[in-house]
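Thanks, everyone. Please have a look at the sequence and the fold on the screen while I walk through a few places in it.

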Amino acid sequence: MGRWEPNARERLAKAALELYSERGYEQTTVAEIAKRAGLTERTYFRHYADKREVLFDGSGALQELFVNAVAEAPESAAPIDAVAAGLEAVGTVFVDRREHSRRRQAVIVANAELQERELIKLSSLSAALADALRRRGVSEPAASLTAEAGVAVFKVGFERWTADPGDGTLARAMRESLAELKAVTAGG
């Protein structure tokens, strides 16, 4: 029986995204997600706290990767360049995940509750980045401003990448977005 197969978490995430894309987030139940994955509702709740969280499962690991890359940037790096190192690291996670990212983004954009959850996750990321920058010796308000700018670059770069019909990478989209931000702040 399918329920005893490995990778239950991944199967649930795949089933949820499929159903949210087909029917819409509001019209999909946890029972339907579990059934599509060949699992039980109980198994679903062992892996995910609620119906929303299945879409945000990787955010903790993404935040950790971003923050660690900022912390490990050369000491001589300017704060925005340390954040750029984090953006580069994050870009590597999304190689071969463009279609998944597009589908996920479409589901989130179509639902205010999911947009709110996304904003909460981005706010948490910003706070963690600001903390990493402070640990590097960046004072306030520079640490918070740089962290917020980094999250904005991530968000804009991610949106550009998922909307782009070409074959560019997320890392490239974020580098381009960061260059635009630098041009704007330099008065260019």
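The buried residues of helix 2 pack against helix 1 (8-23) and helix 3 (41-47), where contact means heavy atoms within 4.5 Å, and where helices (H or I, at least four residues) and strands (E, at least two) are DSSP runs numbered from the N terminus. Before going further I should say that this is a predicted model, in which local features need pLDDT of at least 70 and side-chain atom pairs count only at pLDDT 80 or more, while totals for chains, interfaces and linings use all residues. Residues are numbered from 1 along each chain as its sequence is written, and side-chain values use heavy atoms, with hydrogens and water left out.

Which residues of helix 2 are buried? Within this helix, residues 30-37, they are Val30, Ile33, Ala34 and Ala37, with buried meaning under 20% relative accessible area, exposed over 50%, and partly exposed in between, for a 1.4 Å probe and protein chains only. Looking down the axis of helix 2, we find these buried residues within an arc of 95°, so they line one face of the helix; the arc is that of the directions from the helix axis to the C-beta atoms. As a reminder, an α-helix has 3.6 residues a turn, so residues three or four places apart point the same way. Just after helix 2, Gly38 takes a positive phi of about 75°.

Let me turn to the aromatic rings. Rings of Phe, Tyr and Trp (its six-membered ring) pair if their centres lie within 6.5 Å, and planes under 30 degrees apart count as stacked, over 60 as edge-to-face and the rest as tilted. By this rule there are seven aromatic pairs. In one of them, Phe94 and Phe158 have ring centres 5.5 Å apart and planes at 70°, so the pair is edge-to-face. The two residues are 64 residues apart, with Phe94 in the loop between helix 5 (79-93) and helix 6 (98-109) and Phe158 in helix 8 (residues 142-163), so that distant parts of the chain are linked. Phe94 also forms an edge-to-face pair with Trp161, at 6.0 Å centre to centre and 70° between the planes. Because Phe94 lies in that loop and Trp161 in helix 8, this pair ties together parts that are 67 residues apart in sequence. Phe94 and Phe158 are buried, as is Trp161, and Phe94, Phe154, Phe158 and Trp161 form one aromatic cluster.

Phe94 brings us to the largest pocket, which holds about 980 Å³ of space. On a 1 Å grid over the protein atoms alone, a pocket is an open set of points where a 1.4 Å probe fits, with protein on both sides within 12 Å along at least five of seven lines, and lining residues have an atom within 4 Å of a point. Grid points are joined across faces, edges and corners, and the volume is the space filled by probe spheres set on the points. Of the 39 residues that line this pocket, the closest to its centre are Leu55, Phe56, Gly58, Phe94 and Arg104.

What is the setting of Arg104, which lies in helix 6? At 13% relative accessibility, Arg104 counts as buried, and, leaving aside neighbours within four places in sequence, Arg104 is in contact with Leu17, Leu55, Phe56 and Glu118.
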